[in-house]
Amino acid sequence: MNGSNIRKLIMLLAFLVIAGFAAAEFLDLRHYKETVVVSEAFTEKRMLSEWLPNLKNTWGDTPVYFYDSGKPGATVLIYGGAHPYEPAGSLAVYVIMENLKLNNGRVILVPRADMSASTQGIVGHAYPQYLHIPTSWGQKVYRIGDRETAPLDQWPDPFTYVHYPSGQNLAYQDLRNFNRTFPGRPNGTLTERMSYAFMELIRNEKVDLTIDFHEASLMYPVVDTYVAHQRAEDLAFMAAMLCQAEMPMRSEVSPKNLRGLTHREVGDYSETLCVLVETAEPFIDRVVGRVTEQLMIDGKDEFLQRAAEKGLLYTDYDINNAQTIDTRVGRLLTSAIELINVFNMMYPDRAIDLWFPRYTDIITNGMGYYLHNPDEAVPSRVFLN
Ligand SMILES: [Zn+2]
């Protein structure tokens, strides 16, 4: 073997060692389970595949948690994790799951709407894999995933994504975007099937109000905003006014010619009132510095500060008072509470009486205060998700 071949062999071995370390990290994220301690109002865990059996044993299947008071009242569906790289959505749903008190009606909670997307990082981006939330008894660890369904589970992408059934052409990778594939179809791609299963869940369980939690970049116009289907426009508008007591919030109505999104298709293809909520996430803007777990938690970034000073952002940003993971989770929680309050005013015959923490509670006590210790909980109330 000559010197050049030895060099090649050493390079190959070094590559395999590095790839081996990376593979171990990827595998770890793919199989990591989040722990949730459900509140006493919890009644039943079901799986999304119940509403579309061909999702069974796929990474598109996901747990659906029912909180049923057994007394008449509205059915409200709240889900997070349509885009797992916006983790405040999933965390807010977990906080509701752990603390919900329910006097009547029914609440259906899905913390990981696109399970597949939560099991890998963004391809080609050096994002952190996990988010650690401190509590008085230790820390709870959550996945930070991708925006789209993992290519491991749905591949290859088409050259052009033709949205079903509108026929509108969308960006090719949006065929793996859970919030671009509604209303979906039962024999389509994995992501289309997941969207279809959600539609079936909403139609069959007669969901009155559907709330979809997201986070947005600060340079994107739709931030700190409700986006409502036109049948829910008044609801969102009034809820935004009620939110002002704690935090600024806007509302807008879903554009009719933007297809595949929940606030468009879920409203068009079911009877539910559908509202999407966006909170500001100082992490996913392209201008930020290093995307670390610290940035995900404290939101402090000098480049965003400069963008704010130049008037490039669509919401307020101050590095000394930035949007932390707590303020973002709190914002989503209050957004949901005020939607439910206005729903109760508009439809008193179906009013639902419930409690979970809101913005002020999270700011006062920290999110960790509302996350319980699985080791001290009754085992039947602990779930791995
Ligand atoms: Zn999103």
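Here are some friendly questions and answers about this predicted model.

Me: How are residues numbered, and which pLDDT do local features need?
Reply: Residues are counted from 1 along each chain as its sequence is written. In this predicted model, totals for chains, interfaces and linings use all residues, side-chain atom pairs count only at pLDDT 80 or more, and local features need a pLDDT of at least 70.

Me: Is α2 largely enclosed or exposed, and how many of its residues are buried?
Reply: Helix α2 covers residues 88-99; helices here are DSSP runs of H or I with at least four residues, strands are E runs of at least two, and both are numbered from the N terminus. A residue is buried if 20 or more other C-beta atoms (placed from the backbone) lie within 10 Å of its own, exposed if 12 or fewer, and partly exposed in between. The buried residues of α2 include Ser 90, Leu 91 and Glu 98. Helix α2 is largely enclosed by the rest of the structure, because its buried residues number 12 of the 12.

Me: Which residue of α2 is 52 residues from Tyr 142 in sequence and 9.0 Å away in space?
Reply: Tyr 142 lies in strand β8 (residues 138-143) and is buried, with 23 other C-beta atoms within 10 Å. Beyond its neighbours within four places in sequence, its contacts (C-beta atoms, placed from the backbone, within 7 Å) include Pro 87, Ser 90 and Leu 91. The residue 52 places away in sequence, at 9.0 Å C-alpha to C-alpha, is Ser 90.

Me: What is the angle between α4 and α8?
Reply: Among the residues meeting across this pair are Leu 235 and Met 238 in α4, and Leu 339 and Phe 343 in α8. The axes, lines fitted to C-alpha atoms over the stretch in contact, give angles from 0 to 180 degrees between N-to-C directions. For α4 (residues 233-243) and α8 (residues 325-346), the axes are 8 Å apart and the angle is about 125°.

Me: Which proline follows Tyr 164 through a cis peptide bond?
Reply: Most peptide bonds are trans. Here a bond with omega of about 0° joins Tyr 164 to a proline in the loop between β9 (161-162) and β10 (169-170). That proline is Pro 165.

Me: Which residue in the loop between β2 and β3 is exposed, with 8 other C-beta atoms within 10 Å?
Reply: Most residues other than glycine have a negative phi. This residue is not a glycine, yet has a positive phi of about 60°. In the loop between β2 (44-47) and β3 (63-68), the exposed residue with 8 other C-beta atoms within 10 Å is Asn 57.

Methods:
Contact = placed C-beta atoms within 7 Å. Expected span 1.5 Å × (residues − 1).
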